[in-house]
Amino acid sequence: MTPRRLHRLVVGAYPPGWRARYGSELLALLEERSSGWRDVPDLLAGAVDAWLHLRVRPGEAAEPAISSGLLAATGSSGGTFISLPPVPPRTHGIVASGPRPGELSRRTFMRRVLAIGTALLTFEFAAGTINFLWPQIRTGLGARFRVGTVNDVLAIDPRFANGWPYSYGPARTFLVNVPAAKELAMGRDVSITNLAATDLLALWRKCPHLGCLVPAPCESITRYQCRCHRSTYNILGEKMHEGPAERGLDRFAVSIESDGTIVIDTSQVTQGPPNLGQGSLSFHDPHPWEATCSEA
């Protein structure tokens with residue numbers, strides 16, 4: 001937008017009576033002196049001042065006695081008249097008794113400004129309160145974690161390809177390479193790196209019993225066992241015989257983005273399968289149902 005067009009928009013914000021009398025002259029003056037962007041603040045200040053002083057407006061007619069061109073005065077003797085020369089009509093400074101139809105009085109303008117200011121303050125207070133109370137889930141549980149690609153995980157823990165769970169601390173999660181983990185639990189040595197989202201399992205490391213942090217699987221029977229009360233889980237997080245937990249480890253949603261990045265969404269939690277006995281397991285390792293890490 002050019003300065004000249006902006007000048008016209010600002011002049012259009014002046015009161016209608018003011019524009020009718022001075023608008024064209026002001027625009028002509030601005031074009032004559034090649035005004036630029038620096039004149040915009042002055043024009044805006046002038047518009048505010050014009051609205052604030054609507055009750056003081058240019059005179060349109062002088063007082064009746066002056067406009068008639070004759071002022072009569074009676075001397076002390078009564079009957080003596082003194083004629084005065086005509087006085088030019090006053091062109092400014094006449095105080096109107098009230099605003100013109102369609103114009104705002106100063107009092108009404110100030111009331112509206114006060115009402116708008118109060119409304120803005122109320123809105124800001126309400127918005128700030130809502131923003132303060134609204135849950136701000138950016139980190140920790142409830143957030144989405146971009147773990148990295150399979151190669152990124154392998155660079156940190158090469159045993160992930162062999163089936164050992166990758167411990168991802170920010171999400172308090174074991175990321176499980178399911179096909180390789182099953183082979184590991186069966187005692188077979190494999191290396192699987194070509195994985196889809198359905199081949200991954202994100203186990204929450206919180207024990208469902210009292211919330212203790214579950215450690216990595218023990219090497220003797222490749223099972224997780226809570227240190228607090230010995231609740232034991234197989235490599236896929238399903239509850240085994242030992243311990244008071246009533247279900248397996250809870251799981252988070254896992255997805256893989258188009259660039260291969262693994263994403264763990266901790267806002268989507270699925271409860272672990274209930275402990276309904278050995279027959280309810282989806283995976284059976286070669287160890288006894290009652291076996292624990294400490295007994296192996």
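**Exercise 1. In which loop does Pro208 lie, and is Pro208 buried or exposed?**

Before we start, please keep in mind that this is a predicted model.

*Step 1.* Find the place in the chain. Pro208 belongs to the loop between S4 and S5.

*Step 2.* Check the accessibility. The cut-off for a buried residue is under 20% relative accessible area. Pro208 has 19% relative accessibility, so Pro208 counts as buried.

*Step 3.* List the neighbours. Leaving aside residues up to four places away in sequence, Pro208 touches Tyr233, Arg247, Gly248 and Leu249.

*Step 4.* Look further along the chain. Gly272 is 64 residues apart from Pro208, yet their C-alpha atoms are separated by 8.4 Å.

**Exercise 2. Get an overview of the protein chain before going into detail.**

*Step 1.* Count the elements: there are seven helices and eight strands in the protein chain.

*Step 2.* Turn to burial. Of the 296 residues in the protein chain, 35% are buried.

*Step 3.* Consider the contacts with a separation of 6 or more. Residues 24 or more positions apart account for 59% of these contacts.

**Exercise 3. Follow the strand pairing from S2 through S3 and S4 to S7.**

*Step 1.* Begin with S2 (166-168) and S3 (173-177). These two strands pair in the antiparallel sense, with three bridges. Within this pairing, Tyr168 has Thr173 of S3 as its bridge partner.

*Step 2.* Move on to S4 (200-204). S3 and S4 are also antiparallel, and five bridges join them. Here Val176 is partnered by Leu201 in S4.

*Step 3.* Finish with S7, residues 251-256. S4 pairs with S7 in the antiparallel sense over two bridges. Ala202 stands opposite Phe252 of S7.

**Exercise 4. Work out how far S3 and S4 are covered, face by face.**

*Step 1.* Recall the rule for a regular strand: side chains alternate between the two faces of the sheet.

*Step 2.* Apply this idea to S3. Thr173, Leu175 and Asn177 are on one side, with Phe174 and Val176 on the other, and all are buried. Both faces of S3 are therefore covered.

*Step 3.* Do likewise for S4. Leu200, Ala202 and Trp204 point one way, while Leu201 and Leu203 point the other way, and all of them are buried.

*Step 4.* Draw the conclusion for S4. Because five of its five residues are buried, S4 is largely enclosed by the rest of the structure.

**Exercise 5. Find out which side of helix H7 is buried and what it packs against.**

*Step 1.* Pick out the buried residues. In H7 (residues 178-185) they are Val178, Ala180, Ala181, Leu184 and Ala185.

*Step 2.* See how they are arranged. They cover an arc of only 160 degrees around the axis, so they are on the same side of H7.

*Step 3.* Name the packing partners. The buried residues of H7 pack against S3 and S4, the strands paired over five bridges in Exercise 3.

*Step 4.* Look at what comes after the helix. H7 is followed by Gly187, which has a positive phi near 90 degrees.

**Exercise 6. Which loops hold Arg172 and Arg230, and what is notable about their phi angles?**

*Step 1.* Locate Arg172. This residue is found in the loop between S2 and S3. The hairpin of S2 and S3 has four residues between the strands.

*Step 2.* Read its phi. Arg172 has a positive phi of about 50 degrees, although it is not a glycine.

*Step 3.* Locate Arg230, in the loop between S5 (224-225) and S6 (232-233). Its phi is positive too, near 65 degrees, in a residue other than glycine.

*Step 4.* Add the accessibility. Arg172 is partly exposed at 33% relative accessibility, and Arg230 is partly exposed with a relative accessible area of 31%.

**Exercise 7. How many cavities of 30 Å³ or more does the structure have, and which residues line the largest cavity?**

*Step 1.* Search the whole structure. One cavity of 30 Å³ or more turns up.

*Step 2.* Take its volume. The largest cavity holds about 40 Å³ of space.

*Step 3.* List the lining of the largest cavity: Glu238, Lys239, Pro273, Pro274, Asn275, Leu276, Ser280 and Leu281.

*Step 4.* Sort the lining by class. The result is four nonpolar, two polar and two charged residues.

Note on methods
Residues numbered from 1 in each chain as written. Predicted model: local features only at pLDDT ≥ 70, side-chain atom pairs only at ≥ 80, totals over all residues. Heavy atoms only, no water. 1 Å grid on protein atoms, 1.4 Å probe; cavity = no way out; pocket = protein on both sides within 12 Å on 5 of 7 lines; lining within 4 Å. Points joined across faces, edges and corners; volume = space filled by probe spheres on them. Nonpolar A, V, L, I, M, F, W, Y, C, P; charged D, E, K, R; others polar. Buried < 20%, exposed > 50% of the residue type's maximum accessible area, 1.4 Å probe, protein only. Arc of directions from axis to C-beta. Contact = heavy atoms within 4.5 Å. Pairing = 2+ DSSP bridges.
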